[in-house]
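This report looks at aromatic side chains first, then at one sheet. Keep the sequence and the structure in view while reading.

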Amino acid sequence: MRLLSLFSVITLVIATSCKEQANNEATEETSMDTVATMPEPQEVKVLFDGENLEHWKAYNLDSIQLWSVEEGNLVFTPQQGRKENLITKDRFTNFELNLEWKISEGGNSGIMWGVQERDDLREPYLTGPEIQVLDNERHPDANVGGKTHQAGALYDMIEPAQDVAKPAGEWNKVMIRIDHEANKGVVELNGTQIVEFPVHGPEWEAMVADSKFADWKDFGKYRSGHIALQDHDDKVWYRNITIREL
């Protein structure tokens with residue numbers, strides 16, 4: 001009986017060992033399959049490297065006149081009687097945009113996406129939703145529409161969860177993620193997430209209907225479009241502009 005028991009134990013140990021080896025091999029094979037089928041992460045594309053404007057053009061214009069490169073920064077200098085918004089040459093749909101901005105005292109600007117360039121559209125904001133760039137301390141827009149016109153807001157629709165904007169003349173770092181697959185937009189300002197919103201569908205349409213854009217037939221209708229930097233008649237600086245498509 002003792003010999004039989006010992007034989008049984010040895011048999012059980014061998015069987016268990018074989019089963020564990022088979023499971024490990026199956027797990028490794030599954031892991032390899034998972035790695036092989038995972039999509040490659042998209043590379044980060046530099047939209048402004050501090051040297052030139054090769055990835056940009058003036059909205060509905062043939063040449064760039066009011067935007068320039070100064071000391072590694074992209075600078076807009078307003079000129080009375082002239083209007084010149086800047087847009088990317090490429091169009092984007094799902095992306096993560098990172099940049100830094102600095103606004104002049106009492107200044108106003110904005111970052112838009114989904115912008116359409118057509119002869120019948122005089123401004124990017126007629127189609128593109130905007131993340132606000134603003135001097136919250138001095139510009140009167142900071143007290144309009146609750147806080148939906150403050151820096152970092154989804155303009156006229158979603159106000160920032162908190163005011164983390166730095167004063168005029170100081171650099172602010174912003175991340176804007178637009179993901180139509182997940183139906184989610186996110187804004188981080190200076191390392192803090194301050195805004196989250198749907199980017200299409202009934203909830204998006206309800207937000208638009210409750211805003212100043214309610215009767216704008218082309219506003220927020222396009223999933224793909226240019227990214228725009230706004231001429232709002234105030235001096236503004238941008239730098240370190242990169243984008244990663246999702």
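## Aromatic cluster

One aromatic cluster is formed by Y125, Y155, F213, W216 and F219. The model is predicted. Across the structure there are 9 aromatic pairs. One of them joins F213 and W216. Their rings meet edge-to-face, 4.9 Å centre to centre, with 80° between the planes. That angle is over 60, so the pair counts as edge-to-face.

Is each partner buried or exposed? F213 has 5% relative accessibility and counts as buried, because the cut-off for buried is under 20%. W216 has 26% and counts as partly exposed.

## Charges over rings

Two tryptophan faces carry a basic side chain. K102 lies over the face of W237, 4.9 Å from the ring centre. R239 lies over the face of W171, at 3.9 Å from the ring centre.

## The open sheet

An open sheet holds 5 strands. Their order is β2-β5-β12-β7-β8, and the pairing is antiparallel. Which strands stand at the edges? They are β2 (56-58) and β8 (130-134). Each has a single partner strand, so one side of each lacks a neighbour in the sheet. From one strand to the next, the twist averages 20°.

At the β2 edge, the partner is β5 (residues 86-88). The two strands run antiparallel and are joined by 3 bridges. Within this pairing, A58 stands opposite L86 of β5. Strands of a sheet pair through backbone hydrogen bonds, either parallel or antiparallel.

Definitions and conventions: Residues numbered from 1 in each chain as written. Predicted model: local features only at pLDDT ≥ 70, side-chain atom pairs only at ≥ 80, totals over all residues. Heavy atoms only, no water. Phe/Tyr/Trp six-rings, centres within 6.5 Å; stacked < 30°, edge-to-face > 60°. Buried < 20%, exposed > 50% of the residue type's maximum accessible area, 1.4 Å probe, protein only. Lys NZ or Arg CZ within 6 Å of the ring centre and 35° of its normal. Pairing = 2+ DSSP bridges. Helix = DSSP H or I, 4+ residues; strand = E, 2+ residues; numbered from the N terminus. Axes fitted to C-alpha atoms, helices over the stretch in contact; angles between N-to-C directions.
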